[in-house]
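Open the model in your viewer and show the chain as a cartoon. We will go stop by stop, selecting one thing at a time.

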Amino acid sequence: MEQLDCVVIGYNEGDFQDYRAMCEGSGAGSPTLQIYSKEYLEVDGRHLSWMDGLSALRNRATGRDDRYHVGEVHNLAGLYLSNFLRKAGLSAEAVSLFSAEQERLADLLERGPRVVAVTTTFYVNIMPVLPVIDFVRAYAPDAHIVVGGPLVDNICMDGVEGMAQDLLHGMGADSYIVESQGEGALVELVRAVRRGAPLDGIANTVTLSDAGRWVAGPKKPEANNIDHAAIDWSGFSPELIGTTAQTRTARSCAFKCSFCDYPMRAGALTTASVDTVRHELRSMAELGVKNLVFVDDTFNVPPKRFKELCRMLIEEDLGLNWYSYFRCSNARDEETFDLAAQSGCRGVFLGIESGDQDILAAMNKLAQDAQYRNGIAQLKQRGITTFASIIVGFPGENERTVQNTIDFLNETGPTFWRAQPWWGNPKAPVYQRKELHGIEGEAYNWSHHTMNSREAANWCDVMFEKVTESVWLPLYDFDFWALPYLDGKGLKVEDLVPILRASQEIMRERDRATPDAVRLTSLNDELYKAVAAVDMAPSRFGFATV
Ligand code: B12
Ligand code: SF4
C-alpha cells in the first residue's frame with residue numbers, strides 16, 4: 001500500500017473516570033465539581049458522561065453495543081488539515097475520535113506515514129496528547145510526530161522558555177507548530193520530512209536542538225486564503241462523514257467581549273465567499289449530509305452576508321438542516337429570522353452570558369436585553385431550537401444580577417440553557433482592568449469586588465433549581481453541538497427535551513443534602529423508559545472498540 005505523507009489525529013476525549021477524579025479532587029463547592037455534578041448520569045452504580053449514560057440505557061433496551069459520541073461528527077480540524085495537505089499535493093488521511101478509531105488508526109499507521117499531526121483544539125492541558133503519542137510511537141516508530149493547534153499556541157504564547165520547555169518535553173512530540181492557523185507550516189514540515197531536509201528553519205515551528213532544548217523557528221503569521229482552503233468533501237467517504245457534518249465559513253470574530261481572548265489570537269475576521277460555501281454544501285449534500293453545523297463564532301455577522309448565505313441555501317434547496325452560533329443583537333429585522341428559518345435553520349447557540357444589562361455592558365457584549373428577548377421570541381415562533389449559554393460571576397455579578405438572569409431565562413424560555421462559573425482568562429481584556437475590579441486569581445479560582453469563584457459555583461446550583469422554563473444541557477462531550485448529531489441519529493429535540501428534563505430531575509434529587517432514594521429510583525425508571533421508547537439509528541462506534 002502507498003506510503004502516506006501524513007495522518008492527522010482529531011480528538012482524544014480522555015478518560016471520564018480521570019476527569020471525575022480531577023473534579024472531585026477540587027473539593028466540595030469548587031466550580032469544577034459543580035460543573036461535574038450537572039453532567040454525569042449514574043448507571044448500574046457507575047458515573048458515566050451524559051452521552052455514555054444515554055448509550056448504556058439504550059443498549060440495555062436494545063441489547064446492542066452502541067456508543068453514541070459527538071466525536072462521530074468528524075473532527076473538523078482533522079478534515080481541514082488533511083484537505084489542505086492534499087491540495088498541496090501531499091497524501092493525507094484523518095482520524096476523528098482517537099479512543100473509538102484505534103483499529104483504523106493502526107491500519108493507517110501501518111502505511112508508514114512520514115508525519116503524524118496531532119490536533120489540540122479541545123485541550124486545556126497536555127494529558128489527552130500523551131496516549132495519542134504513545135500509540136503512534138508503538139505503531140509507527142519512524143513517523144515524525146508534530147503537535148499543533150490551540151493548546152500549543154497557549155503554551156508557547158510567551159515564547160518557549162521555562163515551563164513551556166517542560167511541557168513540550170512532557171508531550172514528547174518531535175516538533176511543534178505554534179500558529180493560530182498552522183496549516184502552511186504543516187505543509188512545509190511534511191515536505192521537508194519527505195525530502196529529508198533539516199526542519200529547524202521552518203517558520204512557526206519549534207524543534208529540538210542537539211543540546212536537548214526546544215528552539216522556535218522564525219515567526220511568520222499565516223494568512224491562508226479561506227476560499228482556497230475550503231474542504232473538497234468528495235475526497236472523504238460517506239461512511240467517514242455520516243449524516244451530520246461541521247464546516248466553517250469564517251475565521252475569527254468581529255467582537256471583543258471582555259472575557260474572551262479568541263479574536264486576539266485568531267486575528268481579523270475573515271470570511272469565505274458565498275460561492276465557496278455553495279460549492280462546499282453541494283458536495284456535502286452529495287455525500288449524504290443532512291445536518292450541517294456552521295462552527296463560525298458569529299455566523300450571522302456581518303448581517304448582509306448572513307442573508308446572502310441564507311438566500312443561497314434556499315436557492316440550492318439541498319435539504320440541509322443547519323445549526324450555528326447566533327447573535328440576537330445583530331438580527332435587527334424580521335427578514336433575518338424568516339430567511340434563517342426558510343433556509344433550514346433548526347437550532348442556534350446563543351451566547352447570552354447574562355440577563356443583566358450592567359453585566360452585559362461590563363462584558364462589552366454590545367447587546368441589549370430587549371434584543372435578546374425579541375430574538376428568542378422570533379426564533380421560537382419559527383420553531384428554531386434555542387440554547388442560552390450563561391456565565392456566572394463576572395466582575396460586578398451579585399445576587400441582584402443573578403436574579404435578573406434567572407428571571408430572564410424564565411420569562412424568555414429558551415429551549416435549553418446552561419450556566420457555568422466564569423473562567424478567569426488572564427489573557428482576556430478584563431484582566432487589563434484587574435485592579436479596578438479587584439480581580440485576584442484566575443481560571444476557576446478567583447475573587448473580585450463582588451464575588452468569588454465558590455460563590456459563583458453556588459449560584460449556578462441555585463439557578464439549576466430556579467430556572468424552570470428551560471431545560472439544562474450537559475457540557476462534557478455534549479453541549480449544543482450534540483443536538484445536530486443526535487438529530488442525525490433520529491433523536492429529535494421534541495424527544496430529547498423530556499429525556500433531558502428527566503435527567504435534570506435526577507440531578508436535582510441526587511444533589512440534595514438527603515436524597516429521597518425511592519424518588520430517585522422512580523426517576524431513573526422514568527428516564528430509562530423515555531430512552532428505550534425513542535427510535536435511534538445505530539452509532540458508528542461501539543464500546544467494544546474502545
Ligand atoms: C464544535 C466544538 C466542540 C464540540 C466538538 C464536537 C466534534 N464533533 O468535533 C465538543 C462538544 C466536543 C466541544 C467540547 C469542548 N470544547 Co469546544 N468548540 C467547538 C467549536 C465550536 C468548533 C471547533 C472547530 O471545529 N473549529 C474549526 C477548526 C477548523 O478549527 P481548529 O480546530 O481551531 O483548527 C485550526 C487551527 O487551530 C489549527 N490546528 C488545530 N490543531 C492543529 C494541529 C496541527 C499539527 C496544526 C499544524 C494545526 C492545528 O488548524 C486548524 C485550521 O487552521 C469551537 C469554537 C470555534 N468556533 O472554533 C469550540 C472550542 C474549540 N471549544 C472550547 C472548549 C473550551 C471546549 C471544552 C473544553 C468545553 C469545556 N469547558 O468543557 C470541551 C472539551 C471537551 C469536553 N470534555 O467536553 C474552546 C477552546 C478553548 C481553548 N482550547 O483555548 C473553543 C474555542 C470555544 C471557546 N471560544 O471557548 N467543542
Ligand atoms: S465570546 Fe464569541 S463573540 Fe465574544 S469575542 Fe469571543 S468569540 Fe467573539
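**Stop 1: ligand 2.** Start with the shell around ligand 2. Its residues divide into 6 nonpolar, 2 polar and 2 charged. This is a predicted model. Now select the shell itself. Three cysteines are in it: Cys253, Cys257 and Cys260. Add Phe255, Lys256, Tyr262 and Pro263. Then pick up Asp297, Thr298 and Gly351 to complete the set.

**Stop 2: the two domains.** Colour residues 1–224 and 501–546 as domain 1. Give 233–487 a second colour, for domain 2. The C-alpha centres of domain 1 and domain 2 are 22 Å apart. How many residues does the contact take from each domain? It takes 27 from domain 1 and 35 from domain 2.

Stay on the domain 1 side of this contact. Select α2 (31–37), α3 (50–62), α4 (76–87) and α21 (493–510). Each supplies at least two residues of the side that touches domain 2. That side of domain 1 has 8 nonpolar, 10 polar and 9 charged residues.

**Stop 3: helix α17.** Select residues 399–412. This helix has 14 residues. From first C-alpha to last it reaches 20 Å, close to the 20 Å expected at 1.5 Å a residue.

Which residues of α17 are buried? Show the side chains of Thr401, Val402, Thr405, Phe408, Leu409 and Thr412. Now look down the axis of α17. The buried residues fall within an arc of 115 degrees, so they line one face of the helix. Turn to the other side of α17: Glu399, Arg400 and Glu411 are exposed there.

What covers the buried residues of α17? Bring up the helices α15 (357–362), α16 (369–381) and α19 (453–466), which are part of the cover. Then add the strands β16 (385–392) and β17 (416–421), which are also included.

Step just past the end of α17 to Gly413. The phi of Gly413 is positive, near 55 degrees.

**Stop 4: Ser234.** Select Ser234, in the loop between β9 (214–216) and α10 (238–241). Is Ser234 buried or exposed? Count the other C-beta atoms within 10 Å: there are 11. A residue with 12 or fewer counts as exposed, so Ser234 is exposed.

Last, select Ser470 as well and draw a distance between the two C-alpha atoms. Ser234 and Ser470 are 236 residues apart along the chain. Their C-alpha atoms are separated by 40 Å.

Methods
Residues numbered from 1 in each chain as written. Chains lettered and ligands numbered in written order. Predicted model: local features only at pLDDT ≥ 70, side-chain atom pairs only at ≥ 80, totals over all residues. Helix = DSSP H or I, 4+ residues; strand = E, 2+ residues; numbered from the N terminus. Expected span 1.5 Å × (residues − 1). Buried ≥ 20, exposed ≤ 12 C-beta atoms within 10 Å, placed from the backbone. Arc of directions from axis to C-beta. Contact = placed C-beta atoms within 7 Å. Domains from an automatic or database assignment. Nonpolar A, V, L, I, M, F, W, Y, C, P; charged D, E, K, R; others polar. Near = placed C-beta within 6 Å.
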